[in-house]
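Let's take a look at the pockets of this structure together. The report below goes through what lines them.

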There are 2 protein chains.
Amino acid sequence: MDETTPAQANVPLGKVTLQGLARELGLSTATISLALRDSPMVAEATRLKVQEAARARGYVANRGAAALRTARTNIVALGLHDIVNPSFTELLAAVEEALTAAGKTVLLGVSQEDVARQARTLGTLAEYRPDAFLVSPAASSTVDDLKALAATGIAVVQVTREIEGSGFDFAGSDDRTGVALGVAHLVALGHRRIGMLGGYGAISTGRKRLAGYKAGLAAAGIPFDPTLVMEGPGLREEGRRQLARLLALEEPPTAAVCFNDLSAFGALMGLSAAGLTPGKDFSLVGYDDIAEAKLWHPGLTSVHTFIAEYGRAAADLALKRIADPGRPMERVEMSPELVVRATTCPPVPVKRRPL
Amino acid sequence: MDETTPAQANVPLGKVTLQGLARELGLSTATISLALRDSPMVAEATRLKVQEAARARGYVANRGAAALRTARTNIVALGLHDIVNPSFTELLAAVEEALTAAGKTVLLGVSQEDVARQARTLGTLAEYRPDAFLVSPAASSTVDDLKALAATGIAVVQVTREIEGSGFDFAGSDDRTGVALGVAHLVALGHRRIGMLGGYGAISTGRKRLAGYKAGLAAAGIPFDPTLVMEGPGLREEGRRQLARLLALEEPPTAAVCFNDLSAFGALMGLSAAGLTPGKDFSLVGYDDIAEAKLWHPGLTSVHTFIAEYGRAAADLALKRIADPGRPMERVEMSPELVVRATTCPPVPVKRRPL
């Protein structure tokens with residue numbers, strides 16, 4: 001790809017423009033352009049319709065322009081599933097720093113956990129030929145979503161979340177081990193009835209962290225009790241709600257591990273609303289250890305996942321994949337570490353608080 | 001611009017590519033491309049150097065490609081000064097919803113309050129010809145930064161923050177009135193010694209919110225005391241530090257208004273660390289009323305700034321500017337409203353807590 005030479009540009013005949021075709025067919029110019037270049041990102045029926053309309057109107061693809069686009073653009077597109085979690089600010093800063101040092105500029109697309117929005121945003125970014133895509137896939141994404149990107153010839157690297165078995169490079173944290181560390185810490189303090197707040201099966205991190213929770217319990221010989229697992233998105237408002245549901249159980253747990261720090265911050269608010277002091281009346285372990293964790297009073301015990309480090313690793317994987325598209329797939333998993341602060345203590349019986 | 005017809009494509013001579021030129025001159029392909037198109041975003045010396053090198057090597061600009069690019073791309077670029085504040089998630093969602101309905105796709109660039117990074121990110125986005133730029137300028141941006149964008153022929157609209165007198169459309173909140181509302185609420189509760197946490201003079205919102213604080217005091221006949229103003233970025237960690245500095249004053253205030261909710265959340269953590277209960281021992285008013293404000297216990301009294309509404313207004317301004325580049329400049333300022341929750345109460349003397 002490096003030594004691409006612009007092919008001879010064909011001359012567009014007549015006055016047919018992408019814009020005109022788009023208006024006539026009721027499609028975006030991006031879709032028209034992708035269809036004319038035979039992109040697999042456009043449904044076959046649409047592709048054929050566009051190509052036929054273009055031919056009928058005497059439109060000849062400008063191969064000079066297409067060739068220019070196969071040269072490197074020095075853009076790397078970062079597709080995130082949302083930006084509400086401050087962990088993404090840490091990730092973005094690390095990715096940008098590493099890629100800027102390599103002469104790249106980072107553009108951001110946000111799917112807001114919506115697969116259709118993800119397809120549209122990544123499709124638009126793809127139209128402008130980034131050298132690579134770093135993607136944290138929206139919930140319920142499939143391997144086909146990533147394959148459609150890769151089929152455009154752009155390097156694809158998964159970051160934070162992955163689609164297991166997709167065959168694309170990945171950088172993130174060893175989430176199973178991470179949550180198991182949190183459970184082991186609570187077990188060592190004497191807890192036997194431990195809840196889990198947040199996370200769900202439609203995302204790889206949800207599956208791995210739940211597996212870590214189960215593994216931690218199993219290692220201590222504690223049977224898994226599904227009523228103690230409050231599934232849901234890792235958001236502050238959800239964490240607060242999930243904590244209230246835990247406290248409303250017939251026999252509430254004395255502690256909980258969380259899917260992420262946002263869940264834990266919400267749970268801290270919920271404990272306060274219930275008149276309980278974290279680290280005195282109830283134990284809570286966050287996950288990620290973002291900068292905010294230590295700001296809270298009491299400071300949140302959490303599992304540090306080295307976000308900046310795996311962000312840099314993802315950037316590095318992208319650069320290596322750009323340089324050598326044929327290299328073998330590589331996975332980078334950072335080993336998390338427990339950071340004990342002040343929200344964990346030995347177990348204290350918790351009175352039930354009905355909703 | 002709508003009816004652009006691709007000009008006859010000139011044929012590149014020899015094997016000179018953007019990529020090759022970029023490598024030879026040690027510049028990015030984006031810079032080379034901008035320079036060849038005489039873009040004012042590239043310094044004149046660089047422009048001349050690139051054009052001369054291109055001529056010497058027989059490179060003829062592919063005008064077909066350039067013409068394609070003057071057609072609408074249906075991309076709108078959103079340039080934010082950071083993404084750490086959840087208010088930007090609310091803004092992004094509103095902007096995206098409005099623009100998606102109009103057939104546009106939103107790409108995001110983040111400057112992280114760095115003018116040089118802003119220039120690079122917006123420059124790369126400009127290279128791909130968005131129909132419009134929505135920009136919340138990085139601290140210390142000047143009108144020239146926006147003019148360089150506008151000179152590329154792309155519609156420019158300011159959102160949240162503005163460069164006063166720049167002549168570009170703007171949508172945001174009436175921040176002066178907003179903070180004055182918060183001060184008036186505290187005055188009505190009996191407070192006379194009121195601090196201000198966060199904000200600074202390098203951003204328009206900092207200047208306007210400080211002016212609102214002063215106006216609120218003046219309306220109540222309370223003299224302005226600069227020692228009660230803790231300037232700095234509106235971030236949780238800063239809010240916690242600023243609150244500690246207020247409490248360390250010889251005669252601490254009994255209440256504070258905040259530059260934004262993040263400052264207030266940090267201050268809530270700081271009050272808790274100082275053993276003070278917000279709404280009982282000390283009064284605090286946030287700003288923006290993002291979704292998290294009501295999650296806290298006690299719920300944060302804040303000033304609602306209608307972020308989704310001004311996000312939609314900014315999207316609308318962009319669409320109108322795209323349709324009619326010559327239309328008169330328009331400013332949309334939403335009137336904020338005070339939302340009283342549980343962090344404000346009548347004044348209680350506050351004991352000094354040295355740092």
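## Two pockets and their linings

In this predicted model, the second largest pocket draws at least two lining residues from each of several helices: H5 of chain A, together with H5, helix H9 (204-219), helix H10 (236-247) and helix H12 (307-323) of chain B. Among these contributors, H5(B) gives the most, with three residues. The pocket holds about 590 Å³ of space. Its lining counts 33 residues, and those nearest the centre are Asp82(B), Val84(B), Gly234(B), Leu235(B) and Leu262(B).

Now for the largest pocket, which has a volume of about 700 Å³. Here, too, 33 residues form the lining, and Asp82(A), Val84(A), Asn85(A), Leu235(A) and Leu262(A) are the closest to the centre. At least two lining residues come from each of helix H5 (87-101), helix H9 (204-219), helix H10 (236-247) and helix H12 (307-323) of chain A, and likewise from helix H5 (87-101) of chain B. Which helix supplies the largest share of this lining? That is H5(A), with three residues.

The table sets out the make-up of each lining by class.

| Pocket | Nonpolar | Polar | Charged |
|---|---|---|---|
| Largest pocket | 15 nonpolar residues | nine polar residues | nine charged residues |
| Second largest pocket | 14 nonpolar residues | 10 polar residues | nine charged residues |

To come back to the helices, H5 of chain B is among the contributors to the largest pocket, while H5 of chain A is among those of the second largest.

Terms used:
Residues numbered from 1 in each chain as written. Chains lettered and ligands numbered in written order. Predicted model: local features only at pLDDT ≥ 70, side-chain atom pairs only at ≥ 80, totals over all residues. Heavy atoms only, no water. 1 Å grid on protein atoms, 1.4 Å probe; cavity = no way out; pocket = protein on both sides within 12 Å on 5 of 7 lines; lining within 4 Å. Points joined across faces, edges and corners; volume = space filled by probe spheres on them. Helix = DSSP H or I, 4+ residues; strand = E, 2+ residues; numbered from the N terminus. Nonpolar A, V, L, I, M, F, W, Y, C, P; charged D, E, K, R; others polar.
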